[in-house]
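User: Could you take me through one part of this model closely, strand by strand, and then show me how that part sits in the rest of the chain? I work with cut-offs every day, so please give me yours as you go.

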Amino acid sequence: TAYKTDSNNMTPNQKAVVNAVLDLVIPEGVQSVKPGLIWEKSQGTDPTKTVTAYSLVTIEAGEEQENADGTITLKEGTGTFAGCKNLVGITLNQASDGSGTKTIEKHAFMGCDNLTDVTLSPTIENIGVCPFYGCGKVSSVNFQNSPYFDCSKSIIYGLDGEGKKVKIVECLQGRSMGYVDGEEDDLSNVAEIAEEAFRGTNVSSVDLTATSIKTVPVRAFAETTNLSRIYLPHTLTQQAFQDYAFQGSTVEYFDVASSDSSMRATPNAFIGLMKKEGAGVVPRPESANSEVQWYSVPGSQAEAIGTAWGFNLKEHVGITYFDVTFTYWDNETQAYISTDAPEKIPSNEMSKVEEQYPVPIGTVVEIEGNKYRLTEWKENKDASKLDHLYYDAVYKVLRWVVTSQNYNGALISTVE
């Protein structure tokens, strides 16, 4: 009662008693708790406000039911923390023996509506899909110098062995910045985004052109009801757009830099688009997809995807990246061989083709007993495609002049 009416005038003993009730500490050695137990303690008139644990091996997800519209209903009293609406802080520390939490499951903290302060153990090696889905007040996670994960500007990253940010695990819903920018957010090493990575966020613009991602995975931008623009890199390939990637999203501007001929979209990739109407959002019927602007390279597979979905086609005027294949005579094997350039060539730096030549101009080769000099690399326009250039080595016969003289230096004969 004293806590509720005048907590500032509580005695130290009173505060200690209250804290023992509101701040739950799960001691070292306890590796699991009964599913729903913390949820039970976070209910009622004196709910648990914070939890500190040291040895919980797995943070289990609650039981979910996915509805027809893609939304999720959480079964109360399941999982480790799921549905604990009154929790404001969770701390998972490393135990004194070096052990600690290893895995956080998909949507593990879903329903923790008031959660704001999160510290996770550096022992965590696996994080499931969108663990903080629905946690609108979480804007940062302290990973305590983890070698596996980091959180910067409200984005959780997976790290490689060198500490580089190579995967976007989740953009937190508490992110205050309304845009994601490749340069400002330092996305240059990112090669993958996780499923549901931006689900439910409030971002309005996402620029991923600095990344090297190959796909936009399942529900990556689902329920982004403030999203307007998205810029995608030249590296998209094969199953570039996966199921329900933009379900419930108000995105109305796509810029797709990739011209990869293998790029595809699954049948449900753009199902469930929304549009803003007044102060709210409403479903966008497929008949209204022409309102969505789709920028792509003319004649590319990306353009074909935009056409199939009825989007308003626009010409992508950004940089196109080309694969390059070189064909030349190999002296060692005495045959023509083909090799690919180690790097894609940007359309605004075609001079870089010269840096990729497998053998330099001027190289002398022997073909069927005759010697030839490589004089130029010439594009084979009959073979080249929209996203793939082919260059053939051009050779000219070497002409040798043999001069014969006598001992006095007088010319005897010349043979060319």
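Analyst: What follows starts with a run of hairpins, moves to a core and a sheet, and ends with the whole chain.

First, the ground rules. The model is predicted, so to speak of local features I need pLDDT of at least 70, and side-chain atom pairs count only at pLDDT 80 or more, while totals for chains, interfaces and linings use all residues. Residues are numbered from 1 along each chain as its sequence is written, and side-chain values use heavy atoms, with hydrogens and water left out.

Let us begin at strand β10, residues 149-152. Strands here are DSSP runs of E with at least two residues, helices are runs of H or I with at least four, and both are numbered from the N terminus. In β10, F149 and C151 point to one face and are buried, whereas D150 and S152 point to the other face and are not. "Buried" stands for under 20% relative accessible area, "exposed" for over 50%, and "partly exposed" for what lies in between, with a 1.4 Å probe and protein chains only. In a regular strand, side chains alternate between the two faces of the sheet.

The partner of β10 is β11, which runs antiparallel to it over 4 bridges; two strands count as paired if DSSP finds at least two bridges between them. Within this pair, C151 stands opposite I156. The hairpin has 2 residues between its strands, and K153 takes a positive phi near 50 degrees there.

Strand β11 (residues 155-159) continues into a second antiparallel pairing, with 5 bridges to β12. Here Y157 faces I168 across the pair. This hairpin has 5 residues between the strands, and G163 has a positive phi near 80 degrees. Strand β12 (residues 165-171) is mostly covered, with 5 of its 7 residues buried. Another partner of β12 is β14 (residues 192-193), joined to it in parallel by 2 bridges, with E192 as the bridge partner of K167.

Now for the packing. I168 of the β11-β12 pair returns in the largest nonpolar core, which has 39 residues; I168, F221, F241, F246 and F270 have the most contacts inside it. A nonpolar core is a set of buried Ala, Val, Leu, Ile, Met, Phe, Trp, Tyr and Cys residues joined through side-chain atoms within 4.5 Å. At least two residues of this core come from each of β11, β12, β16 (229-232), β17 (239-241), β18 and α4, and β11 gives the most, with 3 residues. Apart from this core lies another, of 33 residues, including I26, I90, A108 and V141. In soluble globular proteins, nonpolar side chains tend to be buried together.

F270 shows the packing in detail: leaving aside neighbours within four places in sequence, F270 is in contact (heavy atoms within 4.5 Å) with F241, F246, F254, A265, W294, I305, W309 and F311.

Several of the core strands also belong to a sheet. The order β13-β15-β16-β18-β22-β23 describes an open sheet of 6 strands with parallel pairing. Because β13 (179-180) and β23 (312-315) are at the edges with a single partner strand each, one side of each is left without a neighbour in the sheet. At the β13 end, 2 parallel bridges link β13 to β15 (residues 205-207), and V180 stands opposite V206. Helix α4 (residues 301-308) lies across β18 (253-256), β22 (293-296) and β23, at about 165 degrees to β22; axes are lines fitted to C-alpha atoms, for helices over the stretch in contact, and angles run from 0 to 180 degrees between N-to-C directions.

Two loop residues deserve a look. R219 sits in the loop between β15 and β16 and has a positive phi near 55 degrees, though not a glycine; R219 is buried, at 9% relative accessible area. Y244, in the loop between β17 and β18, also has a positive phi, of about 55 degrees, but Y244 is partly exposed at 25%.

Finally, the whole chain. The protein has 5 helices and 31 strands, and buried residues make up 43% of its 416 residues. Its C-alpha trace spans about 125 × 60 × 35 Å along the principal axes. The radius of gyration is 31 Å, while a compact globule of 416 residues would have one near 22 Å, taken over C-alpha atoms with the globule rule of 2.2 Å times the number of residues to the power 0.38.
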